[in-house]
Protein chains: 2
Amino acid sequence: MTRTSSSTETPTPGVPPARGVPEATVARLPLYLRALTALVERGVATVSSEELATSAGVNSAKLRKDLSYLGSYGTRGVGYEVDFLRHQISREIGLTQDWAVVIVGIGNLGHALANYGGFASRGFRIAALVDADPKRTGEKVAGLEVRHTDELEQLINDLDIHIGVVATPARAAQPVCDRLVAAGVTSILNFAPAIVQVPEGVDLRKVDLSTELQILAYHEQRKNGAALALTAEQAAELAEAVNG
Amino acid sequence: MTRTSSSTETPTPGVPPARGVPEATVARLPLYLRALTALVERGVATVSSEELATSAGVNSAKLRKDLSYLGSYGTRGVGYEVDFLRHQISREIGLTQDWAVVIVGIGNLGHALANYGGFASRGFRIAALVDADPKRTGEKVAGLEVRHTDELEQLINDLDIHIGVVATPARAAQPVCDRLVAAGVTSILNFAPAIVQVPEGVDLRKVDLSTELQILAYHEQRKNGAALALTAEQAAELAEAVNG
DNA sequence: GCAACTTTGTGCACGCCTTCACAAGTGTCC
DNA sequence: GGACACTTGTGAAGGCGTGCACAAAGTTGC
């Protein structure tokens with residue numbers, strides 16, 4: 001019924017097709033998936049949009065609209081069959097196949113990522129760990145041997161890896177991404193605090209720890225009556241700005 | 001000149017004031033700050049919006065509009081004075097004061113966060129590390145002694161902590177957040193893969209590692225001609241759906 | 001002091017996302 | 001079998017963010 005993807009003929013040249021699902025919706029699908037998984041584990045069979053929305057932390061209208069982009073998987077008057085919906089979303093995201101992932105940079109963060117259980121349980125398989133430091137080569141992390149960066153291209157090729165996770169220091173991020181892309185990786189998750197450029201067709205997502213804290217700090221500063229947080233210097237500046 | 005905050009009288013009840021700077025702009029300020037810091041280190045004195053935008057990975061019009069919310073800190077025909085602008089943004093975000101932060105959950109990720117250099121260099125001071133496991137209590141991490149969760153409220157009070165970082169397992173996230181809030185924390189950065197609810201007035205940001213990967217997987221699945229990625233089962237489902 | 005050039009700051013239009021509100025189904029109870 | 005209660009799916013409206021395009025403002029060279 002809603003397969004009217006013919007009228008939406010403005011594919012926005014620079015952006016990949018993305019069938020019909022808005023980007024904002026895609027970003028929320030993993031959220032729904034998690035909420036549904038929790039419901040399955042509790043043995044719940046059906047759920048209304050209201051309940052599911054609450055446990056996913058969103059508005060119920062938004063949830064229904066999001067799901068409507070995937071199809072009509074609910075039953076009016078009843079709700080959604082939990083297990084069925086979970087499977088549909090899982091398939092839409094592409095979690096029914098397993099994705100081989102390489103982690104580059106096995107420092108503190110790389111360690112944490114390699115050991116993070118949330119990946120394996122969601123269809124992501126850490127297939128290779130790579131570090132530039134020869135001293136780390138051979139070390140076992142999360143049951144996997146750390147390989148030297150020299151082998152990066154070889155590993156990507158042999159293990160058919162399409163997704164790379166970058167957890168290197170900032171200055172190494174761009175060269176590493178270049179090599180990943182050259183070797184055939186088309187999706188990169190970057191944890192390094194650096195802005196990296198990738199060619200068109202490669203998806204790049206960024207997780208920046210200190211950026212998140214800074215955004216919090218911005219709002220924090222504006223609570224409790226901001227005046228409380230002003231230093232003498234800042235107060236002087238403020239006064240100057242208001243009067244001048 | 002642009003201090004016409006009187007006409008914008010629709011403060012959106014549920015949302016905190018947020019003087020006049022759009023949320024999307026706030027989220028980019030740390031980006032600009034980083035780019036400016038890099039310029040300072042290279043000894044660059046002035047920079048045009050075009051250059052700064054490029055090195056921050058955004059559009060120059062967007063950069064100028066963003067900066068215009070903070071004030072008129074540029075010089076037409078010249079550009080922005082790097083050090084001055086950096087200071088202004090820093091002040092706007094609230095990085096001129098130092099923020100005491102507590103990290104709850106010293107597992108792999110907590111370790112990585114405690115050792116992450118990017119916090120200290122940006123006005124965030126890791127003031128306390130807390131873990132529920134008595135075996136970890138007393139352990140030294142990043143030069144700080146890990147304390148037991150029992151001491152959480154005491155530490156928050158004594159050290160005047162307003163920002164909490166949660167790196168616990170999923171099931172512990174909500175109780176921990178509740179305790180943080182009860183003890184006076186008003187900003188929380190949550191790394192646990194769980195949806196947590198906080199009362200109004202408390203800012204909550206979420207960093208979810210597997211969500212990011214799932215978003216990448218979604219797009220990855222749609223590259224290379226999605227048909228390639230279909231399993232027999234999925235193909236059958238698809239055929240069924242199309243034929244009805 | 002004037003003309004040519006550079007770069008900022010912003011009004012405006014467009015598009016995406018969110019939210020409301022309701023018609024269209026579905027189950028239940030009598 | 002019909003009335004009622006419930007819930008989905010979606011048209012439409014409003015708000016927010018982006019990017020264009022240009023006026024305003026400053027600099028340089030003569």
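**Contacts with DNA strand C and between chains A and B**

Helix α3(A) supplies four residues to the surface near DNA strand C, the largest share from any element. The model described here is a predicted one. The residues of this surface comprise seven that are nonpolar, twelve that are polar and nine that are charged. Of the 28 residues around DNA strand C, those that come nearest are R28(A) and R76(A) from one chain, together with S49(B), R64(B) and Y80(B) from the other. Among the atoms of DNA strand C that come within 4 Å of the protein, 64% belong to sugar and phosphate.

Individual contacts with the phosphates of this strand involve both protein chains. In chain A, an N or O atom in the side chain of R28(A) is placed 2.8 Å from a phosphate oxygen of DNA strand C, and a polar side-chain atom of K62(A) lies 3.4 Å from a phosphate oxygen of DNA strand C. In chain B, a polar backbone atom of S49(B) is found 2.5 Å from a phosphate oxygen of DNA strand C. The elements that give two or more residues to the surface near DNA strand C are, in chain A, α1 (23–41) and α3 (60–70), and, in chain B, α3 (60–70), β2 (74–75) and β3 (79–81).

The relation between the two protein chains was examined next. A turn of 179 degrees, with a shift of 0.0 Å along the axis, lays chain B on chain A with an RMSD of 0.1 Å. The two copies are therefore related as by a two-fold rotation axis. The same surface serves both copies, in that 100% of the contact residues of chain B recur in chain A.

The contact itself takes 69 residues from chain B and 69 residues from chain A. The size of an interface is often given as the accessible area lost when the parts come together. By this criterion, chain B and chain A bury about 6600 Å² between them, and 61% of that area is on carbon and sulfur atoms. In chain B, the residues that lose the most area to chain A are L213(B), Q214(B) and Y218(B), which together make up 11% of what that side buries.

Polar and charged pairs also occur across this interface. Eight salt bridges are found between chain B and chain A; one of the salt bridges in the model joins D208(A) to R34(B), with the closest N and O atoms 2.6 Å apart. In addition, 26 residue pairs in polar contact are counted between chain B and chain A, with both residues at pLDDT 80 or more. On the side of chain B that touches chain A, the largest share, 13 residues, comes from helix α9 (residues 209–221) of chain B. By class, that side of chain B has 33 nonpolar, 21 polar and 15 charged residues.

Two residues were noted for their backbone geometry. Most residues other than glycine have a negative phi. D160(A), although not a glycine, has a positive phi of about 55 degrees, and D160(A) is placed in the loop between α7 (152–158) and β8 (163–166) of chain A. A142(B), likewise not a glycine, has a positive phi of about 55 degrees, and the place of A142(B) is in the loop between β6 (140–141) and β7 (144–148) of chain B.

Conventions: Residues numbered from 1 in each chain as written. Chains lettered and ligands numbered in written order. Predicted model: local features only at pLDDT ≥ 70, side-chain atom pairs only at ≥ 80, totals over all residues. Heavy atoms only, no water. Near = heavy atom within 4 Å. Polar contact = N/O pair within 3.5 Å; in protein donor to acceptor, adjacent residues only side chain to side chain. Nonpolar A, V, L, I, M, F, W, Y, C, P; charged D, E, K, R; others polar. Least-squares fit on C-alpha atoms with pLDDT ≥ 70 in both. Contact = heavy atoms within 4.5 Å. Buried area = accessible area lost by both parts, 1.4 Å probe. Salt bridge = Lys/Arg side-chain N within 4 Å of Asp/Glu carboxyl O.
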